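Dear colleague,

I am passing on the structure below, and I would be glad if you kept it open while you read the notes that follow it.

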Amino acid sequence: NFHSLSISGTNFESFDNYKPSLYWLSNDLLNTTQLKIGATYDPDLAKINYIAEILYQKYYPKLAVRYENLAQASTAASSNGQRYAVAWREHVVSAELQLPFSIYRRNSIYSYGLNLATSYTKRYQLSLPLRDFNDEIAFPLSYQLYFNKNAMQSAMDLLPKWGQNLSITYRHLPLERQLDGQILSLRSNFYFPGIAKNHALQARLSFQHSEGRYEQSYDIPMVAGWGHFLSPKVNNTLLLNYRLPLFYPDWSMGSIAYIKRFQGMLFSDHQNISAKQLAPKSFGLGLSADFNVFRYYYPDFNIGTKLIYLNDSSAGQKIIPTFSFSYSY
């Protein structure tokens with residue numbers, strides 16, 4: 001029963017790294033099986049990713065089978081130490097068992113769970129010939145443990161006033177006999193009240209350690225504009241994001257649209273933070289508008305733009321514009 005289109009591949013669970021998407025959704029009559037087919041545009045790499053997923057959730061644990069065709073990028077070093085940008089595409093087939101739980105207490109929402117998964121990855125269309133490039137990752141095991149606590153939002157809040165979100169992921173290759181590798185990542189996301197009412201500050205800090213076949217893989221969110229400059233191996237990233245409502249114009253465009261609010265955003269993105277490396281790798285500002293269409297109260301639509309300044313000498317273009325479009329109920 002294909003019933004609707006969606007612009008979110010995560011059912012709007014998070015917009016921290018929202019990328020323009022279009023998905024075709026299907027559910028059976030009892031809502032125990034969900035099928036999702038679609039594509040996502042990656043503005044950092046200027047590439048399109050294709051995804052198909054089926055989720056069966058009648059019993060615990062939930063079972064998800066997923067196919068992805070992804071564009072990836074990294075850097076490689078030559079024998080003289082010079083670094084080059086490398087791009088490729090990859091087929092990824094994965095299966096995952098999910099144990100999600102949620103608790104509502106007063107004005108707080110707790111969500112926690114455990115995910116177990118395995119996959120098969122085949123890489124192709126490598127932009128440069130590399131000697132030690134791994135074009136296949138066969139049936140790694142992945143374990144994810146997460147815990148989230150967020151305050152409920154009012155209608156005028158842009159982000160939760162308080163929030164603590166932690167996720168630990170470990171992947172390794174116990175079934176490989178000749179090759180090995182592992183990757184351990186810690187992702188955290190915190191929300192704090194801003195200096196005025198309905199303002200919000202987001203701090204997202206992530207770490208990872210990878211080796212072997214995962215040397216060119218990243219499980220943590222990268223800085224804005226990462227695909228537009230040459231980067232050494234990234235071990236950690238930090239995002240500081242301040243969002244605020246600018247004004248409420250209450251503009252009516254006939255019966256086509258009703259513009260409720262304009263939002264502003266200031267952000268600073270850091271990578272490989274150390275005592276010698278505190279300067280942001282990219283920073284910028286954004287502007288977006290909340291509106292309704294055709295006199296309907298829901299859904300709430302948001303359209304926005306963001307200007308990213310790259311603080312890196314290898315960037316061919318210093319200012320990168322990006323655009324977004326989303327909706328929520």
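**Loops, strands and a pocket**

Asn-198 has its place in the loop between β10 (181–193) and β11 (200–212). Please bear in mind, here and throughout, that this is a predicted model. Asn-198 is not a glycine, and yet its phi is positive, at about 70°. As background, most residues other than glycine have a negative phi, and most peptide bonds are trans. Is Asn-198 buried or exposed? Because its relative accessibility is 12%, and buried means under 20%, Asn-198 counts as buried.

A second residue of this kind is Ala-46, which has a positive phi of about 55° although it is not a glycine, and which lies in the loop between β3 and β4. Here the relative accessibility is 46%, so Ala-46 counts as partly exposed, a class that runs between the 20% and 50% cut-offs.

The strands on either side of that loop are worth following slowly. Strand β3 (residues 33–42) pairs with strand β4 (residues 47–56) in the antiparallel sense, and ten bridges are found over this pairing. Together β3 and β4 form a hairpin that has four residues between the strands, with Ala-46 in the turn. If you would like one pair to look for on the screen, start at Leu-35, whose bridge partner in β4 is Ile-54.

From Ile-54 you can carry on to the next strand, since the bridge partner of Ile-54 in β5 is Val-65. Strand β5 (residues 62–77) runs antiparallel to β4, and the two are joined by seven bridges. β4 and β5 also form a hairpin, in this case with five residues between them. In the loop between β4 and β5 you will find Pro-61, and the peptide bond that leads from Tyr-60 to Pro-61 is cis, with an omega near -5°.

Finally, there is the second largest pocket, which holds about 400 Å³ of space. Which residues lie nearest its centre? They are Ala-76, Ala-77, Leu-130, Arg-131 and Asp-132, out of the 15 residues that line the pocket. Sorted by character, the lining of this pocket is made up of seven nonpolar, five polar and three charged residues. Ala-76 and Ala-77 also take you back to the strands described above, as β5 covers residues 62–77.

With best wishes

Key
Residues numbered from 1 in each chain as written. Predicted model: local features only at pLDDT ≥ 70, side-chain atom pairs only at ≥ 80, totals over all residues. Heavy atoms only, no water. 1 Å grid on protein atoms, 1.4 Å probe; cavity = no way out; pocket = protein on both sides within 12 Å on 5 of 7 lines; lining within 4 Å. Points joined across faces, edges and corners; volume = space filled by probe spheres on them. Nonpolar A, V, L, I, M, F, W, Y, C, P; charged D, E, K, R; others polar. Pairing = 2+ DSSP bridges. Buried < 20%, exposed > 50% of the residue type's maximum accessible area, 1.4 Å probe, protein only.
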